[in-house]
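Reader: Could you take me closely through one part of this protein, namely its salt bridges, and tell me how far the surroundings can be trusted?

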Amino acid sequence: MERLSRRIGLGILGLTLLAGGLGVTGGCQKALYTDGAARTQYERYQTLRGEYRPPRQRTALGEERPALRQRLAPLDTR
């Protein structure tokens, strides 16, 4: 009896792992947001009024980093 319940438990575990593996490998095929598309209504509002702040900026070495100082600065300082 224990042998049968153990087999059933291992079978359920195997099916769970298989389903999880297929879910991870299948995943999303397309990006949720395309480059250049407004992500929120606030970003669209700022773009229409000429106050858009890019989310990323290039450093002196050429790598991209989040533009946190520009994006978090008050709108009055521009």
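Author: The side chains of Glu-64 and Arg-56 come together in a salt bridge with an N to O distance of 3.4 Å, the term being used for a side-chain nitrogen of Lys or Arg within 4 Å of a carboxyl oxygen of Asp or Glu. Before going further, please note that this is a predicted model, in which local features need pLDDT of at least 70 and side-chain atom pairs count only at pLDDT 80 or more, while totals for chains, interfaces and linings use all residues. Residues are numbered from 1 along each chain as its sequence is written, and side-chain values use heavy atoms, with hydrogens and water left out.

Glu-64 also meets the side chain of Arg-58 in a salt bridge, at 3.6 Å from N to O, and Arg-56, Arg-58 and Glu-64 are thereby linked in a network of salt bridges. As for their cover, a residue is called buried under 20% relative accessible area, exposed over 50% and partly exposed in between, using a 1.4 Å probe and protein chains only. Glu-64 is partly exposed because its relative accessible area is 42%, and Arg-56 is likewise partly exposed, at 43%, whereas Arg-58 counts as exposed because its relative accessibility is 58%.

Beside this network, there is a salt bridge between Glu-63 and Arg-65, whose closest N and O atoms are 2.8 Å apart. Glu-63 has a relative accessible area of 36% and is therefore partly exposed, and Arg-65, at 46%, is also counted as partly exposed. The count of salt bridges by this rule comes to three.

On the matter of trust, pLDDT is the predictor's confidence in each residue, on a scale from 0 to 100. The mean pLDDT of the protein is 81, and 88% of its residues reach 70 or more. Confidence is highest in strand β2 (residues 64-66), at 91, and lowest in α1, at a mean of 83; helices (H or I, at least four residues) and strands (E, at least two) are DSSP runs, numbered from the N terminus.

Helix α1 spans residues 2-26 and contains Leu-4, which is exposed because its relative accessibility is 51%.
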